[in-house]
Amino acid sequence: MARLIGVCGLVAAVAGSLGCTGATDAVSGYPVGSGAENTSVNGSGGAAGPTDGSATSGVTGVTGVTGVGGANTGGVQSTGTTGAAGTVNLPEEPTAAAVRRLTHVEYNNTVADLLEDTSAPADQFTADIAQNGFTNNAAALTVSPSLVEQYMSAAEDLSRAATVDLVGLLGCDPASSGEQACIEAFIQDFGQRAWRRPLSEAERTRLLGVFTTARAEFELDVSVQLVLQVVLQSPQFIYLLEPATPGALPGSVEPLDGWQLATRLSYFLLGSTPDDSLMTAAETGALSTPEQVATEARRLLTLARARERIGLFFTEWLYLRNVDRMVKDPTLFPDYDLTLGPLLRQQLELFAQAVILDQGGSAVDLLTAPYTFISPELAPIYGVTAPSTEGFMRVDLDPSRRAGLLTHAGLLASLAKADQTDPVHRGKFVRERLLCETVPPPPPDANITPPAITPGSTTRERFAQHQSEPVCAGCHTLMDPIGLGFEHYDAVGQWRDLDGGLPVDATGTIEGSDVAGPFDGAIELSGKLAQSRQVMNCLAETWFRFALGRSVAPGDDPGLRALGDRFANTGFNMRELLVEVTLSRAFRHRLVPDPNTSAFGQEGQ
Amino acid sequence: MSRRLHRRTLLRGAAGVAIGLPFLEAMLPRRAQGAPAPAPQRFGVFFSSCGVIEQDWLPSGTQTDFTLGPSLAPLEPHRNDIVILHGLDAETSYMQTANEHDLAMAHMLTAMRMQGSQVGRAGHIIDGTAGGPSIDQALAASIGNDTKLRSLELGVASTITDLEPMVIRMSYGGPGDPRTPMDDPQQVFTRLFGDGEASEDEIQRLHRQRRSVLDAVLAEFDAVNATLGYDDRQKLERHATAIRDLERQLDLGGTSSCQVPSAPPDVSTELFDCVRDGRPNKCLASFPEIGKAQMDLMVLALACDLSRVVSLQWSTAESTIVHDQLGISGEHHLMSHDLNSFSADLTQINTWYAEQFAYLLSALKNVPEGDGTLLDNMLLFWPNELSQGEIHSRRGLPYLLAGGAGGQLQTGRFLQYQGNPHNQLYASFLNLFGVPAQGFGEPDFPGTLAGFV
């Protein structure tokens, strides 16, 4: 227990120091470089927690607190970027990026774009799990034997469906142009689209060999099917491979080639295979400069798949899958039923997509804009007049009650129990998701069942023990006083003035961070968070993790500081943040791995 | 070559979600029903979470003359087929510091220090993985070579996507190689009997096609591997190994000793994944029904000799399940930290799991093999990642075994140990399956378990 309180005390201390201008190096605590910090959790215990506190907070609050409203960023301290092109005068090293397989979502998108097959075969695969929040984290994307079987079945089904219109698939008629020539052309063209780069001569020869061998025994369409199955089960399709230049020095850093960069761009922003324009850009060397990369990134952000991708980011970042199938106490919330969950999630995605893609992209808006999208079913929860037509319509909300992401009912309801609010998890959510801090688990002997609802008491009263007991207060001080700020929203996210018959008290405090201090209610809290450089840096770090498909490593610190500054230079524009991520050195470069030694210091990670 | 029965020509299983024993009897494999072929040895894991209430779980009495406590009372009809094992410690999990649920789950079947260094939310190791293979996979590497599947991992609510991986997975081929259980009985059925509707000729043709595809895919893996760093090559090599295993399946031929059973009723349409109190859950009693379907499929896979190593993971570690079927409204893990209020509920949950275990034993006993039953040729292991959930203790673990392991293991016993490392139990398991081993997992805890066999 003492260890845990100590950890919380430390988190608080670190967070508190973040407001101090110039605390950069002390906060980071990491030497620049990569790999050295990948120590095992083994050994003389206890080191993990404190390391964590600085690891997750180290990139935040490194410059002074400044106003972040609108485009006025004149006061922001810069660590020396030269604008969007991003020549950074800090040592910033890409850390070892593990090869990762496609997520199931990416697999579905990819086969849809490649074969116009929208059967979503990966929906039948054993579900992906998230690591550190995201399903595209390379560490979570393991391959069990059962998944290998499912890849085989999917490839077989896809290939059969694709050859129904054989001439259409091949792009030539074997009967008129000759089977061999037609198949060779198909392998070259389809192979390049499927493997996201031109095939080597050896690869083309091998695939043609598959066809020739098959054709000796099987029909033409079956033989093409077998070629397709090989393409779709090969590592060049299933994994995002970035082989180093032959002869490159292990441990050195080299830029990605155009194809690799196109692939990173496409899977980050679209969750799918590069489209024809992007392939052409890769082929013609039109991804060589940061300006060119930015141009492509901005183009990709106009595509429908980018909208989906942003929706997925928010779903995973905010754990919105939990919103889909929430069960609430039917006696307390008779009007709530399961059909509302998916609508509440969709509402959050629509809001985020609108802010980022349609309404200028302001991160401040994300946290404070007093509008959302309402369907007739959701109108009662928000106490607004139902739109007369089906589907979602943009609706302005009472700005004293609803403003920004955090006051959306789906989020608040998912951070609640079936029968009451959950200030602990609401506060923890703000700490973890918006401030990028971690809060340790409760000590094992703590009673963590929520207090029973007693008539005539408020939630605040029932959770008072967390503040009065020193054992609890060490950590709960970080969470509950934030979470209690949401007390005006009940367990399904509806506004309430009374809790247990008593007036709601939604005052709270943020301990630590660059916006420490008291506030009254979620609107004020959201306003404070929107002014926090730590929150903005957290957003940048989170998008960075999603873009790279991995957790943040110590070597990323300088790059993340630079990214935070560039984000500030955009006036905290989320849309431009996505572009800035693609311009970061880590996104455009790779570390040449050692062929003989594990980067993890242990065999076989 | 006889044309096997078309799936649709067979009778559907019993109505409703549960398949039940009548289904199993109807589907018994031809060989298992009569053939005296020497029976293969099987290993199984049945996992439930969150520890036990010791005074309710622990039997009283002596090694051979004991009385079962309320938590294990449902096993009374099977008392001569079980070994109750108390007092082993997962001591390896105290060699390192991390979230204690991560540690408990990672060490439970591997008995080895986990890997990883990045601490994330709630102290979870977010880049973590097991330090070595779990005992089921270590056995599969040895006894899984002759069956379609080297091992079969089943789950009920094992994939809770908003928990971190270390508490989700229990079975590992090695570091970075978690074995994902299937929570959907339909998926399991397809995996076991997917080719079932084809004629023998069609199957042979399909297998020739698959072989040429898989050969070519392996050639691509070889080509790509030459360009990668050490870690990525390890990852892709595991994938290639699984593909080689598919080829091995083809070598075994298309015939199974079983006729293709009718598909289990569409349990998946009955599934109800809900989120209660912010955590994914199984609602409206689908949890027990999925579990029953999975146990039936497990028995079927063993009886048809499609796999000799099976596991059933009811939940993640720190189970988030709300046991509606018992009228209990609290989340299992949350209740396990409040014995003052919930110890009766917790015992009720553990008793319910014992009922499920008893059902599984009955089903295994219902399959005759030689002079005995399938259970006689099996070693079924029921671990828990914790002993006392309220303090996350991994000492004095409540373990239970069933089956005679081919007559090697004397059952009907209650064995009490004084803190032997659980590594020793797994070394003894290996020996029971003919694998010479002086230890298992972390080398600091060598030896086999005295007095066990």
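**The interface between chain A and chain B**

Let me begin with charge pairing: across the interface of chain A and chain B, the rule finds five salt bridges, and I should say at once that we are looking at a predicted model. One of those salt bridges links Glu149(A) with Arg191(B), whose closest N and O atoms lie 2.8 Å apart. Turning to polar contacts, the count between the two chains comes to 20 residue pairs, with both partners at pLDDT 80 or more.

Which elements of chain A give two or more residues to the side that touches chain B? They are the helices H3 (48-57), H5 (145-162), H9 (201-217), H10 (220-233), H11 (235-238), H16 (321-324) and H21 (423-434), together with strand E4 (326-327). Of the side of chain A that touches chain B, H5(A) supplies the largest share, with nine residues. If we sort that side of chain A by class, we find 46 nonpolar, 33 polar and 20 charged residues.

Now to the extent of the contact as a whole. In chain A, 99 residues are in contact with chain B, where 89 residues take part. The area buried between the chains is about 7,500 Å², and carbon and sulfur atoms give 55% of that area.

Finally, I would like to come back to strand E4(A), which is joined by two bridges to strand E6 of chain B, residues 273-276, with the two strands running parallel. Within this pairing, the residue standing opposite Met326(A) is Val275(B), in E6(B).

Note on methods
Residues are numbered from 1 along each chain as its sequence is written. Chains are lettered from A and ligands numbered from 1 in the order in which they are written. This is a predicted model: local features need pLDDT of at least 70, side-chain atom pairs count only at pLDDT 80 or more; totals for chains, interfaces and linings use all residues. Side-chain values use heavy atoms; hydrogens and water are left out. Contact means heavy atoms within 4.5 Å. Buried area is the accessible area (1.4 Å probe) that two parts lose on being put together, summed over both. A salt bridge is a side-chain nitrogen of Lys or Arg within 4 Å of a carboxyl oxygen of Asp or Glu. A polar contact is a pair of N or O atoms within 3.5 Å; within protein, one must be able to donate a hydrogen and the other to accept it, and residues adjacent in sequence count only if both atoms are side-chain atoms. Helices (H or I, at least four residues) and strands (E, at least two) are DSSP runs, numbered from the N terminus. Ala, Val, Leu, Ile, Met, Phe, Trp, Tyr, Cys and Pro count as nonpolar, Asp, Glu, Lys and Arg as charged, and the others, Gly among them, as polar. Two strands pair if DSSP finds at least two bridges between them.
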